[in-house]
Amino acid sequence: MKVKIIKAATMEEVAALIKKGKVAELPSIQQGWRFNFDKELKRLPNATGYLLITEETPSVIEGCMIFQLIDKKEPYMAFVEVAPHNRKDKKKYDRVAGCLIAYAYQLSLI
């Protein structure tokens, strides 16, 4: 899904993409994140990992989420986090978490 996030330094909109992430692509604590998304995805049944990346730097993860269907029917956003470089005062991008949360809502309607 295509989304727009905001570059914090200039307040300009940046084209971004939310895509399914493979276990090997998901971030971990060793990379400065608060969760081991790779391990969490493996242990959660009926769960899918999603990555938010920008079109200009698709190799850099800006945010990550795990969305789960409990009992294959109840939607649940198990984990959501912005990248370490998008936290606090010196963040690179804004609206990352909001886009992931909105996407989880959209998935819950489906």
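1. A residue is called buried when its relative accessible area is under 20%. In this predicted model, Q68 has a relative accessible area of 7% and is therefore counted as buried. Q68 is found in strand β4, and the points below begin with the sheet that contains this strand before returning to the residue itself.

2. The sheet is an open one, built from six strands in the order β5-β4-β3-β2-β1-β6, and the pairing is antiparallel. The edges are held by β5, residues 74-82, and β6, residues 93-94; each of these has a single partner strand, so one side of each is left without a neighbour in the sheet.

3. Strand β3 deserves a careful look, beginning with its pairing to β2. Strand β2, residues 13-21, and strand β3, residues 47-54, pair in the antiparallel sense over six bridges. Within this pairing, G21 has G49 of β3 as its bridge partner, while L17 stands opposite I53 in β3.

4. Strand β3 also pairs with β4, again in the antiparallel sense, and here the pairing runs over seven bridges. The two strands form a hairpin, with six residues between them. G49, which was named above as the bridge partner of G21, stands opposite I66 in β4.

5. How many of the eight residues of β3 are buried? Six of them are, and the strand can accordingly be described as mostly covered. I53 lies in this strand, and with a relative accessible area of 6% it falls under the 20% cut-off, which means that I53 is buried.

6. The surroundings of I53 can be read from its contacts. When residues up to four places away in sequence are not counted, I53 touches A16, L17, K19, P58, V60, I61 and E62. T10, by comparison, is 43 residues apart from I53 in sequence and 18 Å apart in space, taken from C-alpha to C-alpha.

7. To return to Q68 in strand β4, which residues is Q68 in contact with, leaving aside its neighbours within four places in sequence? They are L44, P45, N46, A47, E74, P75, Y76 and A78. With P45 there is a further detail, since the side chain of Q68 reaches the backbone oxygen of P45 at 3.1 Å. Q68 and S108 are 40 residues apart in sequence, and their C-alpha atoms are 9.5 Å apart in space.

8. Helix α2, residues 96-109, lies across β1, β2, β3, β4, β5 and β6, and runs at about 25° to β4. In soluble globular proteins, nonpolar side chains tend to be buried together, and the next two points describe where such groups are found here.

9. The largest nonpolar core has 17 residues, of which I5, I18, Y50, L52, M65 and V96 touch the most other members. The elements giving two or more residues to this core are β1, β2, β3, β4 and α2. Among the contributors, α2 gives the most, with six residues. Apart from this core lies another, of 12 residues, among them W33, L41, I61 and I66.

10. Y50, one of the core residues that touch the most other members, is worth following in the structure. Not counting residues up to four places away in sequence, Y50 touches I18, K19, K20, G21, G63, C64, M65, F67, Y103 and L107.

Conventions:
Residues are numbered from 1 along each chain as its sequence is written. This is a predicted model: local features need pLDDT of at least 70, side-chain atom pairs count only at pLDDT 80 or more; totals for chains, interfaces and linings use all residues. Side-chain values use heavy atoms; hydrogens and water are left out. Two strands pair if DSSP finds at least two bridges between them. Helices (H or I, at least four residues) and strands (E, at least two) are DSSP runs, numbered from the N terminus. Contact means heavy atoms within 4.5 Å. Axes are lines fitted to C-alpha atoms, for helices over the stretch in contact, and angles run from 0 to 180 degrees between N-to-C directions. Buried means under 20% relative accessible area, exposed over 50%, partly exposed in between (1.4 Å probe, protein chains only). A polar contact is a pair of N or O atoms within 3.5 Å; within protein, one must be able to donate a hydrogen and the other to accept it, and residues adjacent in sequence count only if both atoms are side-chain atoms. A nonpolar core is a set of buried Ala, Val, Leu, Ile, Met, Phe, Trp, Tyr and Cys residues joined through side-chain atoms within 4.5 Å.
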